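Welcome! Here is a short tour of a protein model, with a look at its hollows and its surface. Please take a moment with the view below.

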Amino acid sequence: MRALFTLIGDIRRLAMPYFRSEERWTAIGLLAAVIALELAWVFATVLLNEWNVAFYNAIQDKDFPAFQKQILVFCGLAAGAIGVAVYQVYLKQGLEIRWRRWLTKRYLDAWLSDDVHYRLRLSGDAADNPDQRIAEDVQIFVNRTISVGVGLLGTVVSLFSFSVILWNLSGPLGLKLFGHEINIPGYLFFAALIYAAAGTVIAHFIGRPLVKLNFDQQRYEADFRVDLVRVRENGEQIALLNGSPAEDRKLDGRFSRIFGNFVDLMKAQKRLTWFTAGYNQISTIFPYVVVAPAYFAGQIQLGQLMQTASAFGSVQGSFSFFISSYVTLAEWASVVHRLTGFETAIAKARVGADVPAFGMPREAGSQGLTLRDLDVRLPGGAPLIQTGEIAIDRGERVLITGPSGAGKTTLLRAIAGIWPFGSGTVHRNEDQRLLVLPQKPYVPVGRLDVALTYPRPVDMVPKERLTEILAAVGLPALADRLEEEALWPHELSLGEQQRLAIARALLDAPDVLLLDEATSALDEPSEAALYALLQDRLPHATFISIGHRSTLADLHDRVLHLHGDEAPRTLRPVSTPMFHPPEGGVVPV
């Protein structure tokens, strides 16, 4: 019972924000219309129940004119019922797609804002497969909430309406017990109640495992789909490593989990279907069995028999709502658990997002960049790097070196403000703009000009400017393909992608540029020429680079090295080389 109240609370917490949002009047209006049509449908079934009396009495009495009249009445009722059914589906779908759009946008904003998606990854993705939760779970939640919620309301109204009819039709039942006669008023109502209650209890105990099995099935399906996407995106590396057999084994293992859980799901579904199928078959004849004695005793006519059986079936069907909807309810419950888990993971990841681990004070008049007592730590809290105080002047080019795995990239993340573990401050001018160029650039799929100007809108930069920039970074052949859509991460080599990232930096013209081995895929002359291009086009920008090549030292004004054999390593200067750009500033292709 406690779990049920928790589930109801979770559903309410997930559903109510939409009906309090900026779309609330549209949402409430559509919901009210759907509910009104559901009530109209119940009213139509009540009218059809009353129509049974006259129709079947006309058949019993062989009254053909009355029979014809009732056919016409039925046509009118049927036409109204059809109209109600059509518009209820139409308006229900309208509410569903609007609600899904709003909820999807809400989750996307929560997932992408404040780099929560990155923080979730650092925490080990406590919410597995966020893509699946946003794309599929939201759709299922909205669909099931509307269908189950409106269906439950219609069931309650139908139960009340037909219970009154059945109570009035059934009359008292006399029983002799220990020599005393006991009259049970409305006995047919209690018979339907007992029959449905017994079926509900049995169905719950049989179908209870379906909730967890549905939850696991969705997770396993998402894991399998993610691994398939990874194989597609890393096909070249897998082929070069002859890794197809290994990927085959991994994917086969993933699907084995899907297969095993689905077999368990089949078995649980089979057990529940054995019961529900038998229950539904018995429900077809059960009302007639209960009412038939009164008919054969001559107490009621055929019309009253059919009306009573119909009312009994409606009451019993309303009481059996839980049984007939058990599979849907189990799937709904599993989706609610997944979405609440996703929200909890987002809330945990957002803790501290408003107050970064590393202070980023913006100071008016400050032209450089100052790292003050940075204490960079790993997600588990272990110390990694400590800097003391390091001042970097405006326009200065600084190279950070150190052994592989020492934490150079993590230090750059801390300077950029996205690393959430540690303390200290990074002081820079309040108007400074910062850009990071990672070793593996992000190149969106689609048009090349959109990938080049990312994340800015492409219409903000003239095409002539893009063509000139591509030629400057050594990619003139791509100038005629700016409007072409392609899988650019697969068409361009890593070196070409790095040149594209340099072009993006020239377009953005940041005040602080962080280069995380951003030219590692290029030969040394090309690397030197690109640094010369950056110096020429961005003369006042501050560069902080990470790299392992010894030739990089000559391209920077100062080198800072991570000293120490064990963490925490300290960042200290080792030399002050001068930057000597190659003559001409031409970038080799």
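The lining of the second largest pocket consists of 29 nonpolar, seven polar and two charged residues. Here Ala, Val, Leu, Ile, Met, Phe, Trp, Tyr, Cys and Pro count as nonpolar, Asp, Glu, Lys and Arg as charged, and the others, Gly among them, as polar. This is a predicted model, in which local features need pLDDT of at least 70 and side-chain atom pairs count only at pLDDT 80 or more, while totals for chains, interfaces and linings use all residues. Residues are numbered from 1 along each chain as its sequence is written, and side-chain values use heavy atoms, leaving out hydrogens and water.

The second largest pocket holds about 1300 Å³ of space. Of its 38 lining residues, Leu 4, Leu 7, Ile 8, Leu 329 and Trp 332 are the closest to its centre. Helix α5 (130-170) is among those that supply at least two lining residues, and α5 gives the most, with eight. Helices are DSSP runs (H or I, at least four residues), numbered from the N terminus.

On a 1 Å grid over the protein atoms alone, a pocket is an open set of points with protein on both sides within 12 Å along at least five of seven lines, a cavity is a set where a 1.4 Å probe fits but cannot get out, and lining residues have an atom within 4 Å of a point. Grid points are joined across faces, edges and corners, and a volume is the space filled by probe spheres set on the points.

There is one cavity of 30 Å³ or more. The table sets the two hollows side by side.

| Hollow | Volume | Lining residues by type |
|---|---|---|
| Second largest pocket | about 1300 Å³ | 29 nonpolar, seven polar, two charged |
| Largest cavity | about 50 Å³ | five nonpolar, one polar, three charged |

Among the residues lining the largest cavity are Leu 435, Tyr 454 and Arg 504. Helix α17 (494-508) and helix α14 (448-453) each supply at least two of them, with the largest share, three residues, coming from α17.

Back in helix α5 we find Pro 130. Pro 130 is buried (under 20% relative accessible area, with a 1.4 Å probe and protein chains only), because its relative accessible area is 9%. The C-alpha atoms of Pro 130 and Arg 338 are separated by 9.8 Å, although these residues are 208 apart along the chain.

Tyr 90, by contrast, lies in helix α3 (residues 64-112). Its relative accessibility is 56%, so Tyr 90 counts as exposed, a word used for values over 50%.
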